[in-house]
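Have the sequence and the model open side by side for this one. We'll take it a piece at a time, starting with a single helix and working outwards.

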Amino acid sequence: MIEDDDAHRVRECLGGNRHAFATLVERYEKPVYNVALRMLRNPEDARDIAQTVFLKAYQNLSSYDPQYKFYSWIYRMAINESLNILRVRGRNVGPVDEQYPADDTGPVESLAEDEDRTAVLGALDRLKPEYRAVIVLRYFVDQNYEDIGQALGIDAKTVKSRLFTARQLLKEQLAARGAL
Amino acid sequence: MDATRTQELIQADLDGELPAAERAELARRLLQDPEARRLHDELWRTHALLRGVSPAQPPAGLRPAILASIGLSSRSTTPGSGGGSRWPALRLAAAIVGGLVVAGIGYTLLDAGQPGTDLQGSLGAAIPATAGGQAATRADQASFQAAGIEARATLRRSGAGMRLDLELGGTIPYEVVATFDPGSGAYVGADGDAAITRGNGTVVIQAQPGGLVRTLEFTGHTPIGLQVRSRDRVLASQELTVGATH
């Protein structure tokens, strides 16, 4: 289980092997970056947040409670850091175009996919942060109800309720954009 | 009809958390209520659109910057721990299996009849019937035959994602477990109402006696690990990677 290996790396690091933390960085760099990116839609902010999250995790490793999953702990930090930025800047965190690696899909397919992606990310931007957070954790880092609850500090019932409302709101946004 | 209950069932369906008994209840409700049907369809399309957004790659300089900020160099990463994957072992296994297939060395079939016996076979060659099963494989395709089980899997490109076509026949119940790296792709859903359980990076398909053909959709391009299991025993395992020609 990945959770067991995470816990093992944390213990190793706390035992003096700092290099064990590098594996955790390698393992979670991408999901943490994606959490921040989907919350803020700004690659520069996402990069800063990813750096801050890992630095804080490293500095506060002794306060990490191993009854929770390590990734829930750092996703929670990534969400909180994102919420802080949203609070400070209001809703004026401007989305910045992302660079996507080219794939081998044809031009028509690519265009349709770009349109879908733009519609989804635009609709996500319109959600309140608490709804955006459940969608980000569910869809972009594949967390289940329990994991989302741990990351957001809410119970599974609240996760389900928020997820349903968030999906309804997204559905309305996507319908308004002609994407459904 | 209780709309809240219908919504709960739709949500559980979207999240792959709907038990078989409740699946029948949802099907009944959708049949009787056009409004519920419309909601179900729209939420599934929303779900598919969300699943269609691929994970973004972090900038190349991010990891070295993080490691430098905590006083480690980028060479501190444990060898073999996987390129940014939450499933390093899977990545490593995929690389090994990919290498074996390319080199034409073969595959390992776990013996269904003799616990703990590994059988080595050449690529595409038949395993002796006494081994308990026959397997054939190439990078994007695998098939397995044993007493009571006949399973075939093909992985193809599908737009920006992949589709896994499964033909599951046989006379005994068994399950096929598909595992993938959730950091590189995601399971979107399957056609029909097959008994499918979804976990974090795992999809389990229950095959009952008779025939079952299912297509599973994934976003991203990630190796798919497949296992055929019966009575809690792994009968065969194979890693599939999407073929260049599909």
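Which residues of H4(B) are buried? They are B:Leu62, B:Arg63, B:Ile66 and B:Leu67. Look down the axis of H4(B) and you'll find these buried residues within an arc of 125 degrees, so they line one face of the helix. What do they pack against? The buried residues of H4(B) pack against H2 and H3 of chain A. Before going on, keep in mind that this is a predicted model.

**Just past H4(B)**

Right after H4(B) comes B:Gly71, with a positive phi of about 80 degrees. B:Leu72 sits in the loop between helix H4 (62–69) and helix H5 (88–103) of chain B. Is B:Leu72 buried or partly exposed? B:Leu72 counts as partly exposed, because it has 18 C-beta neighbours inside 10 Å, and the cut-off for buried is 20 or more. Leaving aside residues up to four places away in sequence, B:Leu72 touches A:Arg18, A:His19, A:Ala22 and B:Leu67.

**Where the chains meet**

Now for the contact between the two chains. On one side there are 45 residues of chain A, and they are in contact with 41 residues of chain B. The elements of chain A that give two or more residues to this side are helix H2 (20–40), helix H3 (43–59), helix H5 (107–125), H6 and H8. Which of them gives the largest share? That is H2(A), with 12 residues. By type, the side of chain A that touches chain B divides into 23 nonpolar, 6 polar and 16 charged residues.

**Two unusual residues in chain A**

Most residues other than glycine have a negative phi. Chain A has two residues worth a look with that in mind. A:Arg41 has a positive phi of about 60 degrees although it is not a glycine, and A:Asp142 has a positive phi too, near 55 degrees. Here they are side by side:

| Residue | Phi | Loop in chain A | C-beta neighbours |
|---|---|---|---|
| A:Arg41 | about 60 degrees | between H2 and H3 | 20 inside 10 Å |
| A:Asp142 | near 55 degrees | between H6 and H7 | 23 within 10 Å |

Are they buried or exposed? A:Arg41 counts as buried with its 20 neighbours, and A:Asp142 is buried with 23.

**H6, H7 and H8 of chain A**

A:Asp142 follows H6(A), so to speak of one is to meet the other. How many of the 12 residues of helix H6 (residues 129–140) of chain A are buried? The count is 9, so H6(A) is largely enclosed by the rest of the structure. The buried residues are A:Arg132, A:Ala133, A:Val134, A:Ile135, A:Val136, A:Leu137, A:Arg138, A:Tyr139 and A:Phe140.

On the other side of the loop that holds A:Asp142 is H7. Two packed helices are described by the angle between their axes and the distance between the axes. Helix H7 (residues 145–152) of chain A packs with helix H8 (residues 156–176) of chain A at an angle of about 100 degrees, and their axes are 8 Å apart. That makes H7(A) roughly perpendicular to H8(A). From H7(A), the residues in contact are A:Tyr145, A:Glu146, A:Ile148 and A:Gly149, and from H8(A) they are A:Ala156, A:Val159 and A:Lys160. Together the residues of this contact divide into 4 nonpolar, 1 polar and 2 charged.

**Strands in chain B**

Back to chain B, which has 5 helices and 13 strands. Buried residues make up 39% of its 246 residues. Of the contacts in chain B between residues at least 6 apart in sequence, 57% join residues at least 24 apart.

Three of the strands can be followed in turn. Strand S4 (residues 141–146) of chain B pairs with S5(B) in the antiparallel sense over 6 bridges, and B:Ser143 stands opposite B:Arg152 in S5(B). Strand S5 (residues 149–158) of chain B then pairs with strand S6 (residues 161–170) of chain B, also in the antiparallel sense, over 10 bridges. Across this pairing, B:Glu150 has B:Gly169 as its bridge partner, and B:Leu155 stands opposite B:Leu164. How many residues lie between S5(B) and S6(B) in their hairpin? There are 2, and B:Gly159 in the turn has a positive phi of about 60 degrees.

Conventions
Residues are numbered from 1 along each chain as its sequence is written. Chains are lettered from A and ligands numbered from 1 in the order in which they are written. This is a predicted model: local features need pLDDT of at least 70, side-chain atom pairs count only at pLDDT 80 or more; totals for chains, interfaces and linings use all residues. Helices (H or I, at least four residues) and strands (E, at least two) are DSSP runs, numbered from the N terminus. Two strands pair if DSSP finds at least two bridges between them. Axes are lines fitted to C-alpha atoms, for helices over the stretch in contact, and angles run from 0 to 180 degrees between N-to-C directions. Angles under 35 degrees count as roughly parallel, over 145 as roughly antiparallel, 65 to 115 as roughly perpendicular and the rest as oblique. Two residues are in contact if their C-beta atoms, placed from the backbone, lie within 7 Å. Ala, Val, Leu, Ile, Met, Phe, Trp, Tyr, Cys and Pro count as nonpolar, Asp, Glu, Lys and Arg as charged, and the others, Gly among them, as polar. The arc is that of the directions from the helix axis to the C-beta atoms.
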